[in-house]
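Hello,

Here is the structure I promised to pass on to you. Please have a look at it first, and then read my notes underneath.

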Amino acid sequence: MTLARNHKKARALKAGSPRPAKALCSECGLCDTYYIHYVKEACAFLNQQFETLETQTHGRSRQLENWDECYFGVHHQMLAARKTEPIAGAQWTGIVSSIAIAMLESGRVEGVVCVHASEGDRFTPKPVIARNRDEILAARVNKPTLSPNLSVLEEVERSGLKRLLVIGVGCQIQALRAVQDKLGLEKLYVLGTPCVDNVTRAGLQKFLETTSRSPDTVVYYEFMQDFRVHFKHSDGSTETVPFFGLKTNQLKDVFAPSCMSCFDYVNGLADLVVGYMGAPFGWQWLVVRNPLGQEMLDLVRAQLETQPVMSKGDRHAAVQQSIPAYDKGVTLPMWAAQLMGLVIERIGPKGLEYARFSIDSHFTRNYLFVRRNYPAKLATHVPRFAQKIVDQYHLPES
Ligand code: FAD
């Protein structure tokens, strides 16, 4: 069956025009294509449907009574890994890029949806369909800004691709899963990364200017497991800033409203997720959700050093304290932040417990954001797994 018979078309929205999800739009790219026809069902911010899409993708939804599944989604394996020969310039060790190359070069897929940087600005994303190793390598490293990855879906149809790998973050993948059977593909693989606290390009500038000593030379940054933001600069130097020293009062409105109301931190609908936060410092964290994810991991296994996931510490008190501190916009002087960083690095949560710490802190913050700003959406927008996680904490009444 040809694709034209398989789906309905609507006119894509012009750049800059209002989006159906309004302020909550994460610019996933769906509305830049004629698949906007499906936006009411497909948009992660208009129609939360994790359980349906998990069942469609993995054959079942996550088991809420199993805490690991409640936090990390449907999976049959988690591990820590790093490339024995890291890819220079990748975000971590380049596992994502290596899998994409192996998928293409083994002939499993004909193209890979990924994100280049725009000419002239390394942080403005430019989604592409990569067809060879060089085009995949050119997409390495995060563009830490909202990225319209799905805007290339019309090009997928036009180019007649039948076997595709899509790399993306949760909001993009939720919309993709909702329309995937309209794309005329024979095979779709999804390689996800976790994602949190993303920003518009303007928001990124504010974050860099508020946080880094040299905002114009930053080529990379990551919030790492040692409770510090690591910035790499174009001269090769590294700058670290403790989380507790971030100017929270100035950064409160910097994160996109979509990210402030997102509960898909761990990309529950991808086949395989490659992040870092459940692994020891310096390692990446892999969550294999289904047989397609296993197939992708197996392809690069020989390029990886691995170890089992571990978990140490207890996050609960730190998360509970962070709730009023965030609300009040508490910022410590840098000496106190450095000291706090050293202490928490030594005694704080590690491995999976660090991942839970990060999930809990973001879910409680986001729950309050939705409750305060979109009270009518609260009941339908917050998935059951997130509600269970948030229910562990005492939240302010208003
Ligand atoms: P690389 O080989 O460098 O490949 C990176 C891939 O990411 C490329 O294929 C590129 O196409 C894709 N990409 C880059 N920018 C975007 C974007 N804006 N949207 C969609 N795809 C993109 N992991 C955690 O464990 N915890 C977190 O809190 C966390 N936050 C993240 C926030 C953002 C905004 C992003 C984009 C990623 C985040 N990650 C997080 C994932 C992590 O930073 C790494 O991307 C991941 O571990 C892969 O590293 P790598 O070296 O294998 O990737």
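Below is what I found, starting with the sheet and ending with a pair of helices.

Please keep in mind that this is a predicted model.

The sheet is a good place to begin. It is open and built from eight strands, with mixed pairing, and the order across it is β3-β2-β4-β5-β9-β10-β1-β11. The two edges belong to β3 (121–130) and β11 (304–308); each has a single partner strand, so one side of each is left without a neighbour in the sheet. From one strand to the next, the twist averages 25°. As a reminder, strands of a sheet pair through backbone hydrogen bonds, either parallel or antiparallel. A parallel example here is β5 (residues 187–192) with β9, joined by two bridges. If you want to find this spot, look for Leu191, whose bridge partner in β9 is Leu272.

A helix also lies across part of this sheet. Helix α12 (residues 291–300) crosses β5, β9, β10 and β11, and runs at about 140° to β10.

Next, the ligand. There are 37 residues around it, and those that come nearest are Ala90, Ser97, Cys114, Gly275 and Met277. Two or more residues of this shell come from each of α5 (95–105), β2 (111–118), β4 (163–168), β6 (218–223), β9 (272–275) and β10 (284–288). Which element gives the most? That is α5, with three residues. By class, the shell around the ligand has 21 nonpolar, 13 polar and three charged residues.

Since α5 came up there, a few words on this helix. Is α5 mostly covered or mostly open? It is mostly covered, as nine of its eleven residues are buried. Among the buried ones are Ile95, Val96, Ile99, Met103 and Leu104, and also Ser97, which is one of the residues that come nearest to the ligand. After α5 comes Gly107, with a positive phi near 80°.

Last, the pair of helices. The axes of α13 (residues 316–328) and α15 (residues 352–373) come within 10 Å and cross at roughly 35°, and the crossing is right-handed. On the α13 side, the contact is made by Ala318, Val319, Ser322, Ile323 and Tyr326; on the α15 side, by Phe357, Asp360, Ser361, Thr364 and Arg365. This contact has five nonpolar, three polar and two charged residues. The spacing along each helix fits a general rule: an α-helix has 3.6 residues a turn, so residues three or four places apart point the same way.

Enjoy exploring, and best wishes!

Terms used
Residues are numbered from 1 along each chain as its sequence is written. This is a predicted model: local features need pLDDT of at least 70, side-chain atom pairs count only at pLDDT 80 or more; totals for chains, interfaces and linings use all residues. A residue is near a molecule or strand if its C-beta atom, placed from the backbone, lies within 6 Å of it. Helices (H or I, at least four residues) and strands (E, at least two) are DSSP runs, numbered from the N terminus. Ala, Val, Leu, Ile, Met, Phe, Trp, Tyr, Cys and Pro count as nonpolar, Asp, Glu, Lys and Arg as charged, and the others, Gly among them, as polar. Two strands pair if DSSP finds at least two bridges between them. Axes are lines fitted to C-alpha atoms, for helices over the stretch in contact, and angles run from 0 to 180 degrees between N-to-C directions. Two residues are in contact if their C-beta atoms, placed from the backbone, lie within 7 Å. A residue is buried if 20 or more other C-beta atoms lie within 10 Å of its own, exposed if 12 or fewer, and partly exposed in between; C-beta atoms are placed from the backbone. A crossing is left-handed if the near helix is turned anticlockwise from the far one by less than a right angle, and right-handed if clockwise.
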